[in-house]
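Welcome, and please bring up the model in your viewer with the cartoon showing. We will start with the whole chain and then move to single residues.

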Amino acid sequence: MEYLPTDYIRFGDNKKTVVFLDQTLLPNRVEWKETANRTEMYEAIRALKVRGAPAIGIFAGYCMAVLSGAYQTQNVHEAMTLFKTDAAYLNSSRPTAVNLSWALKRMEKVFAGALRQGLDAAKARAAEEAERIHEEDIAMCRSIAEYGLTLLHDGDGLLTHCNAGPLATSRYGTQLGPVLLGTERGLTFHMYVDETRPLLQGARLTSWELYNAGIDTTLICDNMAGLCMKEGKIQAVLVGTDRVAANGDTANKIGTSSVAVLANYYHIPFYVLCPASTFDGATATGEDIVIEERNPDEIREMHYREPMAPKGVKCYNPAFDVTDHSLITAFITDRGIVRPPFDTNLRHYFS
Ligand code: MRU
């Protein structure tokens with residue numbers, strides 16, 4: 001079977017718009033959206049229409065190219081001020097994934113540099129850089145897939161949490177890269193997919209991607225992972241990440257840290273798959289990572305036909321948690337497999 005890669009984010013005609021698949025409608029509706037509007041771009045990230053750390057970074061690149069491409073001023077200082085304001089606005093849409101600020105800083109740097117040749121040059125350079133960020137991510141995912149595959153075996157049962165597949169990145173994805181590549185090469189994997197409450201990225205997105213790729217996929221509720229491990233169904237856990245601190249502490253979708261604790265108890269390898277763009281050497285430990293807190297209604301009523309809790313009941317809805325580096329077996333990156341001690345080894349790979 002050959003996996004056919006798709007790009008879920010791209011420029012629209014003449015690079016005047018950004019086009020993206022609305023992930024909130026999956027798996028029931030495959031709907032593409034197109035926008036050149038700043039508020040809609042912000043909302044697309046905030047509402048998780050575009051989600052997953054690398055995908056948010058790629059999207060932000062295209063958004064800044066589209067927004068700056070429409071600047072009317074001929075004054076370069078004014079253009080730079082507009083650029084910074086737009087970038088700061090998009091950056092405020094979600095706090096945890098470092099890829100967002102990483103991509104925006106990168107766009108700002110090239111825009112500022114090219115402005116010396118004038119506004120048209122800066123606009124062209126921004127469009128080029130957005131495509132470059134995307135192309136680099138495709139290459140990084142492919143490389144992660146190759147490295148990851150060296151750690152998996154034909155017939156393995158693999159547990160996933162959240163979604164770090166092609167939807168969340170580009171082409172092969174991070175977490176699903178070795179699985180898609182291995183399947184292409186004739187290996188068989190048995191995938192166990194945590195549904196990932198409260199927003200069900202596992203049920204809605206990961207199982208959709210794996211099922212469509214013809215891979216043996218079993219959806220489980222989050223609280224079933226421990227039993228599956230105990231029953232010997234799981235040979236490795238694969239997750240993505242939104243930010244890796246300098247010491248290896250890793251932020252990812254809420255519930256990841258509990259899965260890591262379980263994997264540790266059952267002596268199952270726990271692998272974090274991520275590109276270089278997710279490593280944040282400026283953040284010392286997980287304590288310093290800002291965890292996004294989302295609307296309580298996502299727990300009380302979203303994805304239910306009727307509210308599933310009393311309207312006024314208090315809810316705590318952190319979108320991410322931090323997995324302590326001591327629970328991570330290895331990081332599978334585009335530059336190789338990084339094993340402990342993470343504080344020195346991550347810096348070695350990413351500096
Ligand atoms: O809230 P989400 O759906 O954006 O959370 C996404 C995750 O936690 C992913 O695992 C992470 O961003 C890595 S995507 C390669």
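Begin with the cartoon of the whole protein, which has 11 helices and 14 strands; helices (H or I, at least four residues) and strands (E, at least two) are DSSP runs, numbered from the N terminus. The radius of gyration is 20 Å, close to the 20 Å from the globule rule for 351 residues, so the protein is as compact as a globular protein of that length. That radius is taken over C-alpha atoms, and the rule is 2.2 Å times the number of residues to the power 0.38.

Before zooming in, note that this is a predicted model, in which local features need pLDDT of at least 70 and side-chain atom pairs count only at pLDDT 80 or more, while totals for chains, interfaces and linings use all residues. Residues are numbered from 1 along each chain as its sequence is written, and side-chain values use heavy atoms, with hydrogens and water left out.

**The largest core**

Select Ile9, Phe59, Met64 and Phe111: these have the most contacts inside the largest nonpolar core, which has 41 residues. Such a core is a set of buried Ala, Val, Leu, Ile, Met, Phe, Trp, Tyr and Cys residues joined through side-chain atoms within 4.5 Å. Buried means under 20% relative accessible area, exposed over 50%, and partly exposed in between (1.4 Å probe, protein chains only).

Now colour the elements that give two or more residues to this core, including strand S1 (9-11), strand S2 (18-21) and helix H2 (53-69). H2 gives the most, with 12 residues.

Which residues does Phe59 touch, leaving out those up to four places away in sequence? Show Ile9, Val18, Phe20, Met41, Ala44, Ile45 and Val50; contact here means heavy atoms within 4.5 Å.

Apart from this core lies another, of 27 residues, among them Ala225, Ala260, Ile268 and Phe342.

**Backbone stops**

Go next to Asn14 and Lys15, both in the loop between S1 and S2. Asn14 has a positive phi of about 60 degrees although it is not a glycine, and phi of Lys15 is near 60 degrees. Asn14 counts as exposed at 67% relative accessibility, whereas Lys15 is partly exposed at 37%.

Then select Arg197 and Pro198, joined by a cis peptide bond with omega of about 0 degrees. Pro198 lies in the loop between strand S5 (190-194) and helix H7 (201-212).

Finish at Pro340 and Pro341, where the peptide bond is cis, with omega near 0 degrees. Pro341 sits in the loop between strand S14 (336-338) and helix H11 (342-350).
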